[in-house]
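Reader: I should like to learn how annotated sites and helix packing are read from a model. Please take the features one at a time.

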Amino acid sequence: MDQRNQFHRQVALMRQSLFDQGYIDEQFVQLEELQDDTNPNFVEEVVTLYYRDSARLIVSIEQALDKSPLDFNKLDSLMHQFKGSSSSIGARKVKAECTQFREYCKAENGEG
């Protein structure tokens with residue numbers, strides 16, 4: 001097996017592992033289906049934008065958590081954005097954590 005085929009096999013196994021462990025869902029498959037010969041790096045570009053936006057959101061969330069008293073509406077808004085972008089790329093576990101965090105915000109549960 002040449003090196004390129006071996007690399008493709010490793011990528012396929014890693015991708016399947018992410019599905020098996022519940023990290024990504026069918027939305028990611030739909031994203032992959034949008035990639036074609038005219039835009040061969042579509043998924044990579046979308047995921048890169050997701051990571052960049054997520055890093056910005058996480059910094060904003062951390063800053064909001066450092067304030068006292070907690071602004072639950074602001075935190076909920078930030079988590080809503082994070083949940084939406086996570087859902088759009090199929091980041092299932094992140095989306096689930098965002099949903100739980102938003103429930104804590106609605107209950108004004110700072111400990112949660």
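Reader: Which feature does UniProt place at His80?

Author: The model shown is predicted. At His80, the unreviewed UniProt entry places the feature "modified residue: Phosphohistidine". Histidine 80 belongs to helix α4, residues 72-89.

Reader: Is histidine 80 buried, partly exposed or exposed?

Author: The class follows from relative accessibility, with partly exposed lying between the 20% and 50% cut-offs. Histidine 80 has 48% relative accessibility and therefore counts as partly exposed.

Reader: How does one read serine 85, which is also found in helix α4?

Author: The buried class is reserved for values under 20%. Serine 85 counts as buried because its relative accessibility is 16%. Leaving aside residues up to four places away in sequence, serine 85 touches Tyr50, Asp53 and Leu57.

Reader: How is the packing of two helices described?

Author: Two quantities serve for packed helices: the angle between their axes and the distance between the axes. Here, helix α2 (residues 26-33) packs with helix α3 (residues 42-66) at an angle of about 130 degrees, and their axes are 8 Å apart. The two helices, α2 and α3, are therefore oblique to each other. The crossing of α2 and α3 is right-handed.

Reader: Which residues of α2 and α3 meet?

Author: From α2, Phe28, Leu31 and Glu32 meet Phe42, Val43, Val46 and Val47 of α3. By class, the residues of this contact between α2 and α3 comprise six nonpolar, one charged and no polar.

How values were computed:
Residues are numbered from 1 along each chain as its sequence is written. This is a predicted model: local features need pLDDT of at least 70, side-chain atom pairs count only at pLDDT 80 or more; totals for chains, interfaces and linings use all residues. Side-chain values use heavy atoms; hydrogens and water are left out. Axes are lines fitted to C-alpha atoms, for helices over the stretch in contact, and angles run from 0 to 180 degrees between N-to-C directions. Helices (H or I, at least four residues) and strands (E, at least two) are DSSP runs, numbered from the N terminus. Angles under 35 degrees count as roughly parallel, over 145 as roughly antiparallel, 65 to 115 as roughly perpendicular and the rest as oblique. A crossing is left-handed if the near helix is turned anticlockwise from the far one by less than a right angle, and right-handed if clockwise. Contact means heavy atoms within 4.5 Å. Ala, Val, Leu, Ile, Met, Phe, Trp, Tyr, Cys and Pro count as nonpolar, Asp, Glu, Lys and Arg as charged, and the others, Gly among them, as polar. UniProt positions are given in the numbering used here, feature names are shortened, and annotations may be inferred rather than shown by experiment. Buried means under 20% relative accessible area, exposed over 50%, partly exposed in between (1.4 Å probe, protein chains only).
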